[in-house]
Amino acid sequence: MSDDHTEQSGSGLPPHDPVAYGEELARIGLHQSKAVESRTVVYRALAAAGIGHEQADAIVSQIQAGAVAGAHTWISESTAPHGADPRFEDGWHAGVRDVGRHLLHIADTTATANRGIAASHAFLIIPAVREAPEPPAPAPAPAPAEILAAAESCPWALAPQEERHWPDGAFLDTALSAVRPEEYAGYADRLQDFARKHRARLEDLLRAYGPGSTPASHGRYALIGQPDTLVILERMETAPFLLRATWEGEEEDVFLDDLEFAWGPRTRLSGR
């Protein structure tokens, strides 16, 4: 039996199970959705208690940073499996230190990440003595045609039409399913802002891995240069676990893994 289907000698770890990994990502996506709902409840409760927007943002940020700090403690205190090879233990502890540093950075940035959220989402509760206005209608999901038009306005991220592997929008529905409802409003504008912010990086990606490049000549990196790929990259940076949870199909997984390898996001999920 091949090494891919057996335990690594001396590690004590089971082989990788793609099905179980997909289930883990789905659970992570569910936790993220529940967290958004719970954050709304907290903001409403703080507003009802007379807490101002800035203080409410600070409170929620500190709670979220504390959760990350708890994960840091758990990871930092973990040990290699009993009886593991010394070289495996050395690699284990080096990985723990790297993950710990990354979690510390996340905790530091999370502690100040929610500035303006309370005010922008208008979570203030109207006093009961006043007649509460009708709640605003939820924003509709982004229209695919609008998103494609927004992507097409960023030519530095796109291959010429005749060099693209699929008709426009082949992966758009999957990518847009990773956009959360609270992000619907103005998403096309945010997509263009993302492309402008990362213009040099997108140009490098297209030149190094896009159609006509040496890596692409081997039949890989097929997503690069597609207009809907701009949405995938934005989601890869903004909601990587949710993107993975919505991505299905073995062939499509290869496309996403290739794109993640070439883009090099802050959070890698493909294992490459």
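## Notebook: an all-helix chain, looked up piece by piece

I started with burial: of the 272 residues in the protein chain, 34% are buried. My cut-offs are under 20% relative accessible area for buried, over 50% for exposed and partly exposed in between, with a 1.4 Å probe and protein chains only. Note to self: this is a predicted model, so local features need pLDDT of at least 70 and side-chain atom pairs count only at pLDDT 80 or more, while totals for chains, interfaces and linings use all residues. Residues are numbered from 1 along each chain as its sequence is written, and side-chain values use heavy atoms, with hydrogens and water left out.

**Overall layout.** I looked up the secondary structure and got 11 helices and 0 strands. Helices (H or I, at least four residues) and strands (E, at least two) are DSSP runs, numbered from the N terminus. I then checked contacts, meaning heavy atoms within 4.5 Å. Of those between residues at least 6 apart in sequence, 73% join residues at least 24 apart. For the surface, I have about 16,300 Å² exposed, with carbon and sulfur atoms supplying 56% of it. Those areas come from the Shrake-Rupley method with a 1.4 Å probe; for residues, only the protein chains shown count as cover.

**Aromatics.** I used this rule: rings of Phe, Tyr and Trp (its six-membered ring) pair if their centres lie within 6.5 Å, and planes under 30 degrees apart count as stacked, over 60 as edge-to-face and the rest as tilted. I got 6 aromatic pairs that way. Why is the pair Tyr209 and Tyr221 tilted? The ring centres are 4.8 Å apart and the planes sit at 50 degrees, so tilted is the right label. The pair links distant parts of the chain, 12 residues apart: Tyr209 is in helix 8 (residues 199–209), and Tyr221 is in the loop between helix 8 and helix 9 (229–238). I also noted that Tyr221 is buried at 10% relative accessible area, and that Tyr221 has a positive phi of about 60 degrees although it is not a glycine.

Elsewhere, I found one aromatic cluster made of Trp166, Phe171, Trp247 and Phe255. I also found Arg201 over the face of Trp263, at 3.7 Å from the ring centre. The test there is NZ of Lys or CZ of Arg within 6 Å of the ring centre and within 35 degrees of the ring normal.

**Cavities.** I went looking for enclosed space next. On a 1 Å grid over the protein atoms alone, a cavity is a set of points where a 1.4 Å probe fits but cannot get out, and lining residues have an atom within 4 Å of a point. Points are joined across faces, edges and corners, and a volume is the space filled by probe spheres set on the points. I counted 3 cavities of 30 Å³ or more, and the largest holds about 60 Å³. Its lining includes Ala157, Leu158, Leu202, Leu205 and Gln226. Helix 8 and helix 9 are the elements that give two or more residues to that lining, and helix 9 gives the most, with 3 residues.

**Helix 9 and the loop before it.** I checked how covered helix 9 is, and 9 of its 10 residues are buried. Charged residues turn up among them, including Glu234, Arg235 and Glu237.

In the loop between helix 8 and helix 9, I looked at Gln226. Gln226 counts as buried at 2% relative accessibility. Leaving aside neighbours within four places in sequence, Gln226 contacts Leu158, Arg164, His165, Trp166 and Pro167.

Pro227 is in that loop too, and is buried at 0% relative accessible area. With residues up to four places away left out, Pro227 touches Leu148, Ala151, Glu152, Leu158, Arg164 and Asp168. I also logged Pro227 and Ala150, 77 residues apart in sequence but 8.9 Å apart in space, C-alpha to C-alpha.

**Helix 10.** Which residues does Leu243 contact, leaving aside neighbours within four places in sequence? I got Ala178, Ile232, Arg235, Met236 and Leu256. Leu243 sits in helix 10 (residues 240–246) and is buried, with a relative accessible area of 2%. The C-alpha atoms of Leu243 and Thr174 are separated by 8.3 Å, with the two positions 69 residues apart along the chain.

Note on methods. On a 1 Å grid over the protein atoms alone, a cavity is a set of points where a 1.4 Å probe fits but cannot get out, and a pocket is an open set with protein on both sides within 12 Å along at least five of seven lines; lining residues have an atom within 4 Å of a point.
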